[in-house]
Amino acid sequence: MSFVCLTCMLQAQPLVRGGKVLAQKAAQSAQTTASGGLLERLEHLYSSGEKAAQEAQIAQKIRVAKEKQLKYALQTPQGEASKRMEHLLQKVVPTQPQALPALGHPFTGQEFAFSRKYQEAMEEFLQLQKFYNSHTLSVKGPVRFSFGEKGPLGDLVQTVLLRLRSLQKIYPDDKPLKQALSYVYFAMGEINPMLKGVYEEPQKRVGRRFQREEFLFDQMWFDQMAFMAWPPRQAALPEKLQVAVVNDDPSVLQQYKLWQQQGLFKGWKFSFFDTAEEAVKAIAANPEYGLLITDLTVTNSSVLESMRRLRATGNTMPVIVCSAYTVDQINAQQLFNQGFDGFISWTNVSSYGPEHLEEGLKKFFFYKDYYKW
């Protein structure tokens with residue numbers, strides 16, 4: 001039997017894996033069986049290659065089993081530990097810059113500037129995610145931070161949170177941004193359990209988003225809107241509108257009439273009512289009404305009950321509360337769930353003039369156009 005034929009036999013063995021393994025095993029075979037014949041070396045090489053192949057198959061099966069086990073552990077609800085790992089291990093891949101304009105604000109015309117802000121904020125988030133995971137991923141149960149750790153880490157997470165929240169107003173449909181916010185909300189709740197749930201999205205009414213700054217239409221948030229590069233001209237009032245105003249204070253109704261005589265709210269036609277019940281009846285009889293501005297406390301009238309009846313008929317017209325009573329975040333949430341669309345402080349209107357009311361209404365119609373309410 002020639003050497004060439006033996007080589008052919010070696011190449012024909014199906015269990016010998018790769019030329020590199022074959023060369024190593026052949027060298028080992030030559031050393032261990034130097035005194036033996038060629039057939040003995042061939043038998044040793046064959047058995048060594050077979051063993052290596054079997055070990056490789058077993059290692060592969062173990063890897064596959066471990067991957068399946070990890071995947072099952074993440075997909076199967078197993079209490080807080082499973083949910084925690086799901087939050088920490090989610091992979092966030094930022095949207096490519098060229099795809100951002102299609103997701104962005106339809107009126108800004110500043111796609112490049114917002115795209116840069118998006119990239120910077122997402123880069124900052126990914127650094128935070130890497131840092132937070134490196135310190136907490138090994139913890140199986142709820143992570144606990146010392147008093148000295150909570151302050152600096154909470155400030156860091158909150159900074160990222162505020163940047164992401166501001167971008168969400170520009171890219172509300174961007175999935176990576178939603179994933180990043182979900183992670184940051186979770187981390188904030190872990191750092192300080194007192195804040196758990198504070199930053200979660202409030203309950204949403206069908207067909208309408210709820211954000212506190214999109215409900216309280218006051219000057220402070222107008223300044224923030226300008227900071228976000230949304231010029232006032234983009235928040236324009238409708239040219240023509242039939243408006244119902246509910247208030248039992250004659251001085252307030254007189255103020256509206258005076259503004260109309262002065263040419264403010266040009267193109268708008270106001271109707272005035274002493275009770276919410278009268279306004280709702282008029283609105284039901286006249287589909288031309290496009291806005292209701294009402295006080296909350298009206299003598300011999302239930303504004304909340306009238307609102308419930310209005311919404312029960314399927315009427316979705318905007319209803320803005322303009323009241324001297326201060327409304328905090330919880331009350332704003334309640335008013336929103338009861339069918340109202342916004343709140344403007346009459347105290348601020350009295351202090352700053354009709355421009356405050358006008359800017360508040362501009363903001364509402366801005367959001368209405370933007371979110372397609």
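This is a short tour of selected helix contacts, aromatic pairs and buried residues, stop by stop. The model is predicted.

**Stop 1: two helices side by side**

Select residues 276–285, helix H11, and residues 303–312, helix H12. Their axes come within 9 Å. The crossing angle is roughly 15 degrees. Angles under 35 degrees count as roughly parallel, so H11 is roughly parallel to H12. The crossing of this pair is right-handed.

Now show side chains at the contact. On H11, pick Ala276, Glu277, Val280 and Ile283. On H12, pick Val303, Ser306 and Leu310. Colour these contact residues by class: five are nonpolar, one is polar and one is charged.

**Stop 2: aromatic pairs**

Next, switch to the rings. Over the whole structure, a search finds 17 aromatic pairs. Start with Phe125 and Tyr183. Their ring centres are 5.6 Å apart, and the planes stand at 80 degrees. The pair is edge-to-face, because plane angles over 60 degrees count as such.

Where do Phe125 and Tyr183 sit in the chain? Phe125 is in helix H6, residues 111–136. Tyr183 is in helix H8, residues 175–191. The two are 58 residues apart, so the pair links distant parts of the chain.

Are Phe125 and Tyr183 buried or exposed? Phe125 has a relative accessible area of 0%, and Tyr183 has 1%. The cut-off for buried is under 20%, so Phe125 is buried and Tyr183 is buried as well.

Move on to Phe265 and Phe270. This aromatic pair is also edge-to-face. Read off 5.8 Å centre to centre and 80 degrees between the planes. Both residues are buried.

**Stop 3: an aromatic cluster**

Keep Phe265 and Phe270 selected, and widen the view to the cluster they belong to. Add Tyr256, Trp259, Trp268, Phe272, Trp346, Phe364 and Phe365. Together with Phe265 and Phe270, these form one aromatic cluster. Hold on to Trp346, a member of this cluster; it returns at the next stop.

**Stop 4: Val252**

Select Val252 in helix H10, residues 250–261. Its relative accessible area is 7%, so Val252 is buried. What does Val252 touch, not counting residues up to four places away in sequence? The answer is Asn247 and Trp346. Measure from Val252 to Trp346 between C-alpha atoms: the separation is 9.4 Å. Along the chain, these two residues are 94 apart.

**Stop 5: Val160**

Go back to the neighbourhood of Phe125 by selecting Val160, which touches Phe125. Val160 is found in helix H7, residues 147–168. With 1% relative accessibility, Val160 counts as buried. Beyond residues up to four places away in sequence, its contacts are Glu124, Phe125, Leu128 and Val184. Draw a line between the C-alpha atoms of Val160 and Val184: they are separated by 7.8 Å. In sequence, Val160 and Val184 lie 24 residues apart.

**Stop 6: Gln242**

Finish on a strand. Gln242 has its place in strand E1, residues 241–246. Is Gln242 buried or exposed? At 14% relative accessibility, Gln242 counts as buried, because the cut-off is under 20%.

Now show what surrounds this side chain's residue. Leaving aside neighbours within four places in sequence, Gln242 is in contact with Lys269 and Ser271. Gln242 also contacts Glu288, Tyr289, Gly290 and Leu291.

Technical notes
Residues numbered from 1 in each chain as written. Predicted model: local features only at pLDDT ≥ 70, side-chain atom pairs only at ≥ 80, totals over all residues. Heavy atoms only, no water. Axes fitted to C-alpha atoms, helices over the stretch in contact; angles between N-to-C directions. Helix = DSSP H or I, 4+ residues; strand = E, 2+ residues; numbered from the N terminus. Parallel < 35°, antiparallel > 145°, perpendicular 65-115°, else oblique. Left-handed = near helix turned anticlockwise from the far one by under 90°. Contact = heavy atoms within 4.5 Å. Nonpolar A, V, L, I, M, F, W, Y, C, P; charged D, E, K, R; others polar. Phe/Tyr/Trp six-rings, centres within 6.5 Å; stacked < 30°, edge-to-face > 60°. Buried < 20%, exposed > 50% of the residue type's maximum accessible area, 1.4 Å probe, protein only.
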